[in-house]
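Colleague: Hello, I am new to this structure and would love a guided tour. Please choose a single part, look at it closely with me, and then show me its surroundings.

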Amino acid sequence: MKNSLKYLKNIIKVLVWPFIFILGQFFIQYIFVAIFNKKERIGYSESEFLNYINTTQYQDKLNNYINSKTLIIILITMIIFIPLFYNVYKKYKKENIFKLNDAFIPILLGITISLIYNITLYNLNNIINFTNIFEPSPLPIVVQIISSGICGPILEELIFRGIVYNKLKTFNKNMTAIMLTSIIFGFIHGNVINAIYTFGVSFILIYLYEKYKTLKAPILMHIFLNTTIILISPLIIKNFVVFNTYLLVISILVLLIINFKFNEKMNK
């Protein structure tokens with residue numbers, strides 16, 4: 001019983017970091033919502049404004065406002081959280097030198113896995129129609145790349161591979177730590193489909209982290225994983241069946257070659 005309580009306490013200490021991040025993001029966005037509401041409520045009584053915020057007009061205006069401030073929100077998030085998370089990660093940091101030629105495999109893994117997953121999901125969606133995951137983002141593509149393509153992966157790798165995984169390894173076997181990290185990583189990504197996908201991707205990101213002994217490898221793969229779908233989604237959405245199938249086959253072949261080359265390199 002005593003050991004169980006100690007284990008639960010350790011798990012809570014691990015979970016506090018993703019919780020801080022989620023809560024922090026909520027409060028940063030809440031500040032911008034409060035600023036928006038302060039401007040919008042001019043001319044309304046309290047009861048009139050309460051009725052107004054339930055209208056589609058208000059929701060549309062709020063969404064447009066938040067979208068227009070996305071880069072500022074991301075910048076504030078990075079300024080607050082990167083020093084905080086990096087300071088925690090430092091005590092686990094035993095980083096190897098990451099050479100330019102080391103970047104090849106993480107980059108190709110990110111591109112090919114993203115293509116395989118998203119094209120397959122899109123083709124299945126055409127048959128079953130089970131998700132609206134391919135609805136285009138209202139954000140400009142540059143904003144998407146900076147926020148979801150670059151900043152998001154850096155923060156997530158610092159939290160999940162840098163802090164969560166390393167902390168879990170201190171009181172779990174390696175495979176248990178990998179499983180728990182991947183479950184937590186999948187859980188925070190919303191719907192079931194994304195959760196399953198990110199659960200699997202987490203194994204590869206941890207594998208890269210352990211093989212290269214640096215967070216730069218999973219960060220690089222994660223950046224290209226996210227950025228690829230941002231850049232390729234307009235082509236996928238246009239329902240180019242032949243193009244999609246061709247790209248899917250090529251991606252699978254490249255992934256197999258990467259796996260062969262990577263194993264060959266590690267066995268030397």
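Modeller: With pleasure, and let me begin with a term we shall need: a crossing of two helices is called right-handed if the near helix is turned clockwise from the far one by less than a right angle, and left-handed if it is turned anticlockwise. Please keep in mind that this is a predicted model.

Before the close look, here is the setting. The protein has ten helices and zero strands, and reading along its sequence gives the pattern α-α-α-α-α-α-α-α-α-α. Of its 268 residues, 41% are buried. Taking contacts between residues at least 6 apart in sequence, 78% of them join residues at least 24 apart.

The part I have chosen is the meeting of helix H6, residues 141–169, with helix H7, residues 174–187. Two packed helices are described by the angle between their axes and the distance between the axes. Here the axes come within 9 Å and cross at roughly 145°, and the crossing of H6 past H7 is right-handed. On the H6 side, the contact is made by Glu156, Phe160, Arg161, Val164, Tyr165, Leu168 and Lys169. H7 brings Asn174, Ala177, Ile178, Leu180, Thr181, Ile184 and Phe185. Sorted by class, this contact has nine nonpolar, two polar and three charged residues.

Now let us look at H7 by itself. With 14 residues at 1.5 Å each, H7 should span 20 Å, and its end C-alpha atoms are indeed 20 Å apart. Its buried residues are Ala177, Ile178, Thr181, Ser182, Ile184, Phe185 and Gly186. Several of these names will be familiar from the contact with H6, including Ala177, Ile178 and Phe185.

Ala177 makes a good place to zoom in. This residue of H7 has a relative accessible area of 0%, so it counts as buried. Setting aside residues up to four places away in sequence, Ala177 touches Tyr165, Leu168, Lys169 and Asn172. Tyr165, Leu168 and Lys169 are among the H6 residues of the crossing. Val164 is also one of the H6 residues in that contact; its C-alpha is 8.7 Å from the C-alpha of Ala177, with the two positions 13 residues apart in sequence count.

Val164 also lets us step out to another part of the chain. Val16, in helix H1 (residues 2–40), is 148 residues away from Val164 in sequence, yet their C-alpha atoms are 9.4 Å apart. Val16 has a relative accessibility of 32%, so it counts as partly exposed.

Further along H6 we find Gly152. Its relative accessible area is 21%; buried means under 20%, so Gly152 is partly exposed. A separation of 75 residues along the chain lies between Gly152 and Thr77, whose C-alpha atoms are 9.9 Å apart. Thr77 sits in helix H4, residues 70–89, and is buried at a relative accessible area of 5%. Neighbours within four places in sequence aside, Thr77 is in contact with Phe21, Gln25, Ile28, Ile82 and Leu155.

Two other helices round off the tour. Helix H3 (residues 56–68) has 13 residues and reaches 18 Å from its first C-alpha to its last, close to the expected 18 Å. Tyr58, Leu62, Tyr65 and Ile66 are its buried residues. Seen down the axis of H3, these buried residues fall within an arc of 95°, so they line one face of the helix. The face turned away from that buried side carries the exposed residues Thr56, Gln57, Asn64 and Ser68.

Helix H8 has 21 residues, which should span 30 Å, and its end C-alpha atoms are 30 Å apart, in agreement. Among its buried residues are Asn194, Ala195, Tyr197, Val201, Leu205 and Tyr212. Just after H8 comes Lys213, in the loop between H8 (192–212) and helix H9 (216–237). Most residues other than glycine have a negative phi. Lys213 has a positive phi, near 60°, and its relative accessible area of 38% makes it partly exposed.

To return to our chosen part: H6 and H7 cross at roughly 145° with axes that come within 9 Å, and Ala177 of that contact is buried at 0%.

Notes. Residues are numbered from 1 along each chain as its sequence is written. This is a predicted model: local features need pLDDT of at least 70, side-chain atom pairs count only at pLDDT 80 or more; totals for chains, interfaces and linings use all residues. Side-chain values use heavy atoms; hydrogens and water are left out. Helices (H or I, at least four residues) and strands (E, at least two) are DSSP runs, numbered from the N terminus. The expected span of a helix is 1.5 Å times one less than its number of residues. Buried means under 20% relative accessible area, exposed over 50%, partly exposed in between (1.4 Å probe, protein chains only). The arc is that of the directions from the helix axis to the C-beta atoms. Axes are lines fitted to C-alpha atoms, for helices over the stretch in contact, and angles run from 0 to 180 degrees between N-to-C directions. Contact means heavy atoms within 4.5 Å. Ala, Val, Leu, Ile, Met, Phe, Trp, Tyr, Cys and Pro count as nonpolar, Asp, Glu, Lys and Arg as charged, and the others, Gly among them, as polar.
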